[in-house]
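Work through the exercises below with the sequence and the model at hand. Each task is followed by a stepwise solution.

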Amino acid sequence: MDKSKGQLEAEVSKALTQWEKSYLGRGSISVKSDILRDMIIVTLTGILTPAEYALCKDKEGLLSIKNTRNSLVETGQEQLKEIIFSLTGQEVTSFHTDISTQTGERFMVFKLSGDLEKLLS
């Protein structure tokens, strides 16, 4: 592969920001991607709206926001896998995501078919 690890991480961050804006209708404040062995770990910050933070003040609202946001991302899972494959050439074997309703952060973990970090070194 002719890209550096840092370049590829930046490309993943940019592509996921574009996906968020086109698929979810709005993007996060910042996105940071890290390639670690056979995984790409993505941290997205500032994804909740002020109204969603207000809803998260009680347990029922918190669970509602968490479930809705996770369902939205899960329905776009195939697009996300295609994005990662197009950038890395690696198949995504599993995808994991969760959101913190306290900090407004989302984590995405893409488990890949091969050791991408080793390919880049």
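The exercises that follow treat the nonpolar core and the salt bridges.

The model is predicted, so local features need pLDDT of at least 70, side-chain atom pairs count only at pLDDT 80 or more, and totals for chains, interfaces and linings use all residues. Residues are numbered from 1 along each chain as its sequence is written, and side-chain values use heavy atoms, without hydrogens and water.

**Exercise 1.** Determine which residues of the largest nonpolar core touch the most other members.

Step 1. A nonpolar core is a set of buried Ala, Val, Leu, Ile, Met, Phe, Trp, Tyr and Cys residues joined through side-chain atoms within 4.5 Å; buried means under 20% relative accessible area, exposed over 50%, and partly exposed in between (1.4 Å probe, protein chains only).

Step 2. The largest core has 27 residues, and those touching the most other members are Ile 40, Val 42, Leu 80, Met 108 and Phe 110.

Step 3. Helix H1 (5–24) and strand S4 (105–112) are among the elements that each supply at least two core residues. Helices (H or I, at least four residues) and strands (E, at least two) are DSSP runs, numbered from the N terminus. H1 gives the largest share, 5 residues.

**Exercise 2.** Find which parts of the chain are tied together by the salt bridge between Lys 5 and Glu 117.

Step 1. A salt bridge needs a side-chain nitrogen of Lys or Arg within 4 Å of a carboxyl oxygen of Asp or Glu. For Lys 5 and Glu 117, the closest N and O atoms are 3.0 Å apart.

Step 2. Lys 5 lies in helix H1 and Glu 117 in helix H5, so the pair ties together parts 112 residues apart in sequence.

Step 3. Lys 5 is partly exposed at 31% relative accessible area, and Glu 117 is partly exposed at 24%.
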